[in-house]
Amino acid sequence: MTSAGLYGAYGGRYVPETLVPALDELDSGWRAARADASFQAELDELGRTFAGRPTPLTRAERYASDKRLYLKREDLLHTGAHKLNNALGQAVLARRLSKRRIVAETGAGQHGVATATVCARFGLECVVYMGEEDMRRQRPNVERMNLLGAEVRPVEFGKRTLKEATSEAIRDWITNVETTHYLIGSCVGPSPYPEIVRELQAVIGRESRAQFLQAEGRLPEVVVACVGGGSNAIGIFAGFIDDAGVRLLGVEAADAASLGSGNAAVLHGARSSVLSDADGQITDAHSISAGLDYPGVGPEHAWLRDSGRADYVGATDAEALAAFRDLTRLEGIIPALEPAHALARVRELDEELVLVCLSGRGDKDLAEVLAQ
Ligand SMILES: *Cc1c(COP(=O)(O)O)cnc(C)c1O
């Protein structure tokens with residue numbers, strides 16, 4: 001990556017002038033924090049004592065019995081998904097920047113819950129924007145956020161899902177930029193967000209690489225993760241990106257395949273691969289899992305796709321539901337619908353040694369699954 005926050009032709013900053021000073025401040029605050037050993041020490045301590053790191057690596061023997069399949073158990077992280085790694089790190093960063101108010105967007109509600117959790121922990125004011133449709137699909141997470149003291153603001157325009165919630169959060173940030181940190185939930189948005197989120201999620205890759213070596217005495221042949229905005233995938237990929245022999249495979253929702261069927265375009269402050277029509281209009285994504293229901297993706301993934309370092313495929317709602325049911329019955333683990341997309345592609349892989357990022361647990365999805 002260059003200093004301008006570019007990943008090949010992707011990334012950058014496509015924002016109104018009013019946000020440039022805030023992004024510059026965030027960028028220099030982030031670089032100062034990274035250079036400060038006490039920042040990493042604080043994150044390590046919070047990870048261990050508050051979040052439950054390291055998360056285990058579990059051998060799944062029955063789900064794909066002809067493989068040596070391992071699951072990185074981010075579902076066991078506090079609040080039930082990998083999102084807390086990012087929320088904790090950005091909250092510590094916001095405190096260093098003396099911002100006492102946090103705004104966030106949420107789709108599945110997992111990022112909203114993670115953000116409300118860290119705001120409760122640090123005594124920060126918290127406003128979470130969420131599409132009305134997602135509030136309906138993810139009711140328990142809305143109730144959790146309220147209990148944690150966050151204000152959940154319904155977004156009632158467009159498809160009433162993550163894209164619109166993100167636009168509203170950015171609008172709030174523009175209005176309140178002096179006091180407010182925008183705690184973005186994935187490796188998307190203007191520079192330096194994609195880099196910050198990737199580095200905060202890279203703990204998944206560091207841990208799982210060491211754990212896999214410990215278990216098998218060698219590296220996996222393929223690392224598989226679901227891709228919504230792309231943060232759990234970029235976090236686990238980060239541990240293996242320099243290992244040329246390890247294939248990286250991202251799985252998108254088939255009808256939200258920003259990488260599989262998108263075009264280069266600007267969405268929410270950065271250039272990436274975006275679902276759009278022939279006129280360049282952003283088109284709507286669809287997925288049964290709210291966390292994948294987004295027409296954009298982090299710019300680094302677009303670059304990894306173009307360079308050939310990572311491959312991206314799709315899984316349908318029906319395939320994800322089947323994988324959800326199978327993992328539950330065969331392994332005693334109820335996955336979130338998002339990583340069920342990654343699991344849906346595992347059995348047909350040519351490779352035998354497989355590592356999957358189990359990005360979150362499925363409790364939040366029970367109503368949706370039972371309604372099918
Ligand atoms: C939010 C979410 C995702 C999708 O987000 P990424 O940034 O692509 O990781 C995937 N899995 C779970 C459990 C989530 O909550």
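**View 1. Placement of the ligand between two domains in the predicted model**. The ligand lies between domain 1 (16-45 + 83-193) and domain 2 (52-81 + 202-370), because both of them give residues to the shell around it. In this predicted model, the ligand sits in the largest cavity.

**View 2. The two domains and their contact**. The domain assignment divides the protein into domain 1, comprising 16-45 + 83-193, and domain 2, comprising 52-81 + 202-370. Their centres, taken over C-alpha atoms, are separated by 22 Å. To the contact, domain 1 contributes 27 residues and domain 2 contributes 37 residues.

**View 3. The shell of residues around the ligand**. There are 16 residues around the ligand, and those that come nearest are Lys 83, Ser 186, Gly 230, Ser 231 and Ser 359. By residue class, the shell consists of 11 polar, three nonpolar and two charged residues.

**View 4. Polar side-chain atoms beside ligand oxygen atoms**. In the side chain of Ser 186, a polar atom lies 2.6 Å from an oxygen atom of the ligand. For Lys 83, an N or O atom of the side chain is 2.7 Å from an oxygen atom of the ligand. His 82 likewise places a polar side-chain atom 2.9 Å from a ligand oxygen atom. Lys 83 and Ser 186 are also among the residues that come nearest to the ligand. On its own, the ligand has 380 Å² of accessible area, of which the protein covers 97%.

Methods:
Residues numbered from 1 in each chain as written. Predicted model: local features only at pLDDT ≥ 70, side-chain atom pairs only at ≥ 80, totals over all residues. Heavy atoms only, no water. Near = heavy atom within 4 Å. Polar contact = N/O pair within 3.5 Å; in protein donor to acceptor, adjacent residues only side chain to side chain. Areas by Shrake-Rupley, 256 points an atom, 1.4 Å probe, with all protein chains shown as cover. 1 Å grid on protein atoms, 1.4 Å probe; cavity = no way out; pocket = protein on both sides within 12 Å on 5 of 7 lines; lining within 4 Å. Sits in = over half its atoms within 2 Å of the grid points. Nonpolar A, V, L, I, M, F, W, Y, C, P; charged D, E, K, R; others polar. Domains from an automatic or database assignment. Contact = heavy atoms within 4.5 Å.
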